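Here's a quick briefing on one helix and a few charged pairs. Take a look at the model first.

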Amino acid sequence: GEGDPLSQRLAMQERLAAARRAADEIVRRQAASAARLTEVGARIQMLEARREETRATVRSAEQELGERDPRAEEARRRAVEAASEAKAAGEREATVRQQLAQAGEARQKLERALTEARLGAARLQARLEALASRQQEAERVAQQIQAAVERGELPGWLGVLGRQVQPVAGAETAISAALGDFAEGMALGTSEDVHGAVDWFQSSQLAWEASLAPAALLRPPAPRFRLEDEDCLGNAADMVRAPQALQPIVELLLGRTLLVRDRSAARRLLGAIPEDVRLVTRAGEVYYAAGHVRITGHGRVGRDLERIEAELRSQFEAAGVQLQQAETEHLGALEAQERAGAAAEQARQALQAATEIERTTAQEAEQAARSRQESQQRVDFLRQRMEEVEVDLQTLDREREATSLQDAANVDERARMEA
């Protein structure tokens, strides 16, 4: 039964065995807790060391990032400046090339002007030479005529018309045109004197054109024609001064000629004149009532050779000055083109250098930006690792605290059992 000593002893032994087993379980749990605490502590130490190491690495990476930020910004600034300088160099190069083209055009224009000046000078030189030849011939003919006059071979000789019929100021060209061939013609006393002069010219075989007029006309000239109009400047015979002996010739050659302002006036007044009246402009154009017009060559009709020579020489001297000026300007244009060419080459080299700097600085800026991005990525990665380590440490701290509480409970339970 339950009350006998054997049963009680067996029951006691059973309880002691159960207590031993419980104590062993507690010891096992304490050992496991101690081992776990040791493992957790080791892991905590390892994680703390890793945290410090990562923290130091983060600081180093942040410092590197801080150093790369200014470098990247500086590289970007240099790239912007280089791009701006390259653009400015391109604009300067384009401007200089335009100046070079303009210098070339100016040089070509001056070359054409120089050629024209040389041709003009050559033409004037040819005219002067022809005039000199004509003047020599005229002097020879004048000497022969004078000798004939002195020998009495030209009776009734009154002289050269052009030297005795003098136009008023401003009418020289018009009067010369109106006189035509008679501007250099010869005046004699009667028509018989004229016939004798013709015979003399034929017998002397002079290669010279001559116009002859008698002072004693075979029939009286028609009266002077006048026209009241604001563009009509007067009768041509009123525009000259001549010896009284030559007045009949003046009336014959100029009395039926009106001096008008210009071509427009001549065209307008043609219908208002008789068919034997002429109109002569101040520029020397002669209009006839029937509609035909005669234009005199410049520096030819009604001007003596000395005047023509003086005018040609004046023109030749002016042409010489223009030629010298054109040559000077041409030389200056050549020098300007050379300078523009050198400036264009310098601008081209500057543009090339600026473009190369722009390319290099752009590469440097791109490399600096990549380096900064890599540093930023490394900092972000290390910060993430720091956060992960902190989370692991918090987890291990909670596990260590729980294990410590369990170990303390085991100790209390074992003490109660031993008591």
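How far apart are the end C-alpha atoms of helix α4 (residues 191–204), and what should its 14 residues span? The ends sit 20 Å apart, which agrees with the 20 Å expected at 1.5 Å a residue (the expected span is 1.5 Å times one less than the number of residues). This is a predicted model, where local features need pLDDT of at least 70 and side-chain atom pairs count only at pLDDT 80 or more, while totals for chains, interfaces and linings use all residues. Residues are numbered from 1 along each chain as its sequence is written, and side-chain values use heavy atoms, with hydrogens and water left out.

**Helix α4**
- Ser 191, Asp 193, Val 194, Ala 197, Trp 200 and Phe 201 are buried in α4 (under 20% relative accessible area; exposed is over 50%, partly exposed in between, with a 1.4 Å probe and protein chains only).
- They cover an arc of only 165° around the axis, so they're on the same side of α4 (the arc is that of the directions from the helix axis to the C-beta atoms).
- Glu 192, Asp 199, Gln 202 and Ser 203 are exposed, on the face of α4 turned away from its buried side.
- Just after α4, Gln 205 has a positive phi of about 55°.

**Salt bridges**
- The whole structure has 26 salt bridges (a side-chain nitrogen of Lys or Arg within 4 Å of a carboxyl oxygen of Asp or Glu).
- One of them pairs Asp 229 with Arg 268, with the closest N and O atoms 2.7 Å apart.
- That pair links distant parts of the chain, 39 residues apart.

Terms used
Helix = DSSP H or I, 4+ residues; strand = E, 2+ residues; numbered from the N terminus.
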